[in-house]
Amino acid sequence: MMINRNILTLEEFRKQELRFLSHATGELSNLLRDIALAAKRVNVEVNKAGLEDILGDTGKTNVQGEGVQRLDEYANAEFMAVLRRGISCAGIASEELDDFICFDEELCNQSKYVVVLDPLDGSSNIDVNISIGTIFGIYRRKSQKGIPCSKEDFLQKGENLVAAGYIIYGSSTMLVYATRRGVNGFTLDPSIGEFTISHPDIKCPKNGNVYSVNQGNYYNYDHGVKKFIDSCQKKSGSDSSACSLRYTGTMVADMHRTLLKGGIFLYPATADHTKGKLRLVYECNPFAFILEMAGGKATEGENNILCIQPESLHQRTPFFAGSYQMMKSFLSD
Ligand code: P6P
């Protein structure tokens, strides 16, 4: 198989980016390379999960009270190990950890970044071979370098994110990440084991005709949400703005489609999730940052998600994100 050498690998792309950032130390590039390495290792297990006894439930529950799938635990352990060895991260906060973990070692303590992580999003879909993903956010630590990181480093507003991204383990494995310079997507080329740029400079379409929500909770949503869903359903037939419903139950998959094709993703508050279900720190803030950097919009119903001051690592929030025009319509209802 001829390899197109004009397609930049993630590492080559980062080297070129560094040329535009004279003050950059290369530490963020090293951290992104480590995240990509951990993703490749998780990808191997995800791809063969159906063949090996790594499927299924561990019988444990995480801090969310949700069943922990074996792949969840494996992914969390893999990202922790790679990020600790990579010495470009002072510590992580993860959906699978009750509290943050500080990599209290001299070289890690010298790192200026911390990572927030959902190591395996959508794990309930593992056993039925529907796309799952990893979500990450990178903050510059607020505590001083040279000492162990602290909780304040992880409880930062999303607007402080230096970078955010996700990996989708689907028909192909993609890594998409955003910085304030833009959003770029890389597809894993298994023939060389490298993420290679496949979606440069991603922009979320200004409008879309897909809405993504758990319709099964319709009667538990508030009036405004139901009114918006009704308006999407009424646009039918030949109407050019006719909407389709697409919902996989994996945030990464639904948000990846929304980012590339346009549309709106909604996870509203319900009677049994009065603060919503999705987690602010390591699910909603990273995707809100990515969407905003791609020209989309994200809110918790009224305010920009990125402006919320997190009070706890695992706090939840209602979440609405997507094409700029669809979000304006939703917010005006
Ligand atoms: P529901 C997966 O468990 C997850 O956290 C997100 O990936 C997904 O968007 C959401 O929950 C699905 O929740 O209640 O519709 O099954």
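Reader: How many bridges join strand E11 (residues 210-212) to E12, and in which sense do they run, parallel or antiparallel?

Author: Strands of a sheet pair through backbone hydrogen bonds, in either a parallel or an antiparallel arrangement. This is a predicted model, in which local features need pLDDT of at least 70 and side-chain atom pairs count only at pLDDT 80 or more, while totals for chains, interfaces and linings use all residues. Residues are numbered from 1 along each chain as its sequence is written, and side-chain values use heavy atoms, with hydrogens and water left out. Here E11 and E12 run parallel and are joined by two bridges, one of which matches Val210 with Ser244 in E12. Pairing requires at least two bridges found by DSSP; strands (E, at least two residues) and helices (H or I, at least four) are DSSP runs numbered from the N terminus.

Reader: In what order do the five strands of the open sheet stand, and which strands are at its edges?

Author: The order is E12-E11-E13-E15-E14, with mixed pairing. Strand E12 (244-245) and strand E14 (297-299) are the edges; each has a single partner strand, so one side of each lacks a neighbour in the sheet. Helix H7 (residues 280-293) lies across E14 and strand E15 (319-322), at about 25 degrees to E15; such angles, from 0 to 180 degrees, are taken between N-to-C directions of axes fitted to C-alpha atoms, for helices over the stretch in contact, where contact means heavy atoms within 4.5 Å.

Reader: Which helix lies across strand E5 (113-121), strand E6 (132-140), E7, E8, strand E9 (182-189) and E10?

Author: These strands belong to an open sheet of eight, ordered E4-E3-E5-E6-E7-E8-E9-E10 with mixed pairing. Within that sheet, strand E7 (residues 161-169) and strand E8 (residues 173-179) pair antiparallel over six bridges, and Tyr166 stands opposite Val176 in E8. The helix is H2 (residues 27-48), running at about 20 degrees to E7. Helix H6 (residues 251-261) also packs on the sheet, touching E5, E6, E7, E8, E9 and E10, with its direction at about 110 degrees to that of E7.

Reader: Which side chain has an N or O atom 2.5 Å from an oxygen atom of the ligand?

Author: A polar contact is a pair of N or O atoms within 3.5 Å. The side chain is that of Asp121; for Tyr267 the corresponding distance to a ligand oxygen is 2.6 Å, and for a polar side-chain atom of Lys277 it is 3.0 Å.

Note on methods:
Polar contact = N/O pair within 3.5 Å; in protein donor to acceptor, adjacent residues only side chain to side chain.
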